[in-house]
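Reader: I am new to this structure and should like to understand the terms used to describe it. May I ask how each description is reached?

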Amino acid sequence: MLPPQPFIRRYHPDDKYSILMLEAEAFDERNPYEYLSFYEVFHDGFFVCTLGNDVVGFIVGYMLSESEGHIFSLAVSKFHRNQGIAERLVDHICTYFLLKGLQKASLEVRVSNKPAINLYTKLGFSAAWIESKYYSDGEDGYVMMANLNFYFFRKEEIKIFGKGKNGEKGVN
Ligand SMILES: CC(C)(COP(=O)(O)OP(=O)(O)OC[C@H]1O[C@@H](n2cnc3c(N)ncnc32)[C@H](O)[C@@H]1OP(=O)(O)O)[C@@H](O)C(=O)NCCC(=O)NCCS
């Protein structure tokens, strides 16, 4: 039998405890309960990735303005990292933003969070500016932005030609 494949769907209240566990595992410094209630406000842009019966990742985003979608949170369970799940989740929310007619996506990331910075850079986000002491422990954050109109075009370009205009390596 084939192993279960990643599947992305909207958050459902039955996912609550899986999300609380993922939140606690991914973000030591946050209160998972507080964040889950916040995410539920943005139900429309709250997606989970499942493998079989397990919720192994989630992403939450919302419309920041008429033209901009904001990725607020993203996490993948430690056991399922480095399998392309975060990339699928970011693709999914960018498709959702595009279908809403938005032109750009933004997010904040800790300057020390190399895995996330690499992920977003690979997907065409670039650091627009630094928010000094953005996080509660005093760490700075990069504000990263991507032009959604080129998002999937750029991914195809990298697949076909091996690298994008900015020199990112191909996914194959
Ligand atoms: C960041 C995070 C979401 C990545 O999830 P993931 O499912 O493992 O990521 P993917 O497998 O989709 O990786 C896609 C790309 O991200 C980058 N990346 C992911 N993990 C990385 C690591 N440990 N080191 C360096 N780059 C990494 C790579 O560019 C990778 O592409 P490649 O496989 O072609 O090299 C995950 O590590 C996580 O949940 N971290 C804790 C929470 C967090 O930091 N969230 C982001 C807040 S802004």
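Author: The model is predicted. In it, 20 residues surround the ligand, and the closest are Arg 81, Ala 86, Pro 115, Asn 118 and Leu 119. The elements giving two or more residues to this shell are β4 (68–76), α3 (85–99) and α4 (114–122).

Reader: Which element gives the largest share of the shell around the ligand?

Author: That element is α4, from which six residues come. By class, the shell holds 11 nonpolar, five polar and four charged residues.

Reader: Why are α1 and α2 called oblique to each other?

Author: The axes of helix α1 (residues 16–26) and helix α2 (residues 32–41) cross at roughly 125 degrees and come within 9 Å. Angles of 65 to 115 degrees count as roughly perpendicular and those over 145 as roughly antiparallel; α1 and α2 are therefore oblique. Their crossing is right-handed.

Reader: Which residues of α1 and α2 meet?

Author: Lys 16, Ile 19, Leu 20, Glu 23 and Ala 24 of α1 meet Pro 32, Tyr 33, Tyr 35 and Leu 36 of α2. The residues of this contact divide into seven nonpolar, two charged and no polar.

Reader: What makes Lys 133 count as exposed?

Author: A residue is exposed if 12 or fewer other C-beta atoms lie within 10 Å of its own. Lys 133 has 11 C-beta neighbours inside 10 Å, and therefore counts as exposed. Lys 133 is found in the loop between β6 (126–131) and β7 (141–147). Leaving aside residues up to four places away in sequence, Lys 133 touches Gly 138 and Asp 140.

Conventions: Residues are numbered from 1 along each chain as its sequence is written. This is a predicted model: local features need pLDDT of at least 70, side-chain atom pairs count only at pLDDT 80 or more; totals for chains, interfaces and linings use all residues. A residue is near a molecule or strand if its C-beta atom, placed from the backbone, lies within 6 Å of it. Helices (H or I, at least four residues) and strands (E, at least two) are DSSP runs, numbered from the N terminus. Ala, Val, Leu, Ile, Met, Phe, Trp, Tyr, Cys and Pro count as nonpolar, Asp, Glu, Lys and Arg as charged, and the others, Gly among them, as polar. A residue is buried if 20 or more other C-beta atoms lie within 10 Å of its own, exposed if 12 or fewer, and partly exposed in between; C-beta atoms are placed from the backbone. Two residues are in contact if their C-beta atoms, placed from the backbone, lie within 7 Å. Axes are lines fitted to C-alpha atoms, for helices over the stretch in contact, and angles run from 0 to 180 degrees between N-to-C directions. Angles under 35 degrees count as roughly parallel, over 145 as roughly antiparallel, 65 to 115 as roughly perpendicular and the rest as oblique. A crossing is left-handed if the near helix is turned anticlockwise from the far one by less than a right angle, and right-handed if clockwise.
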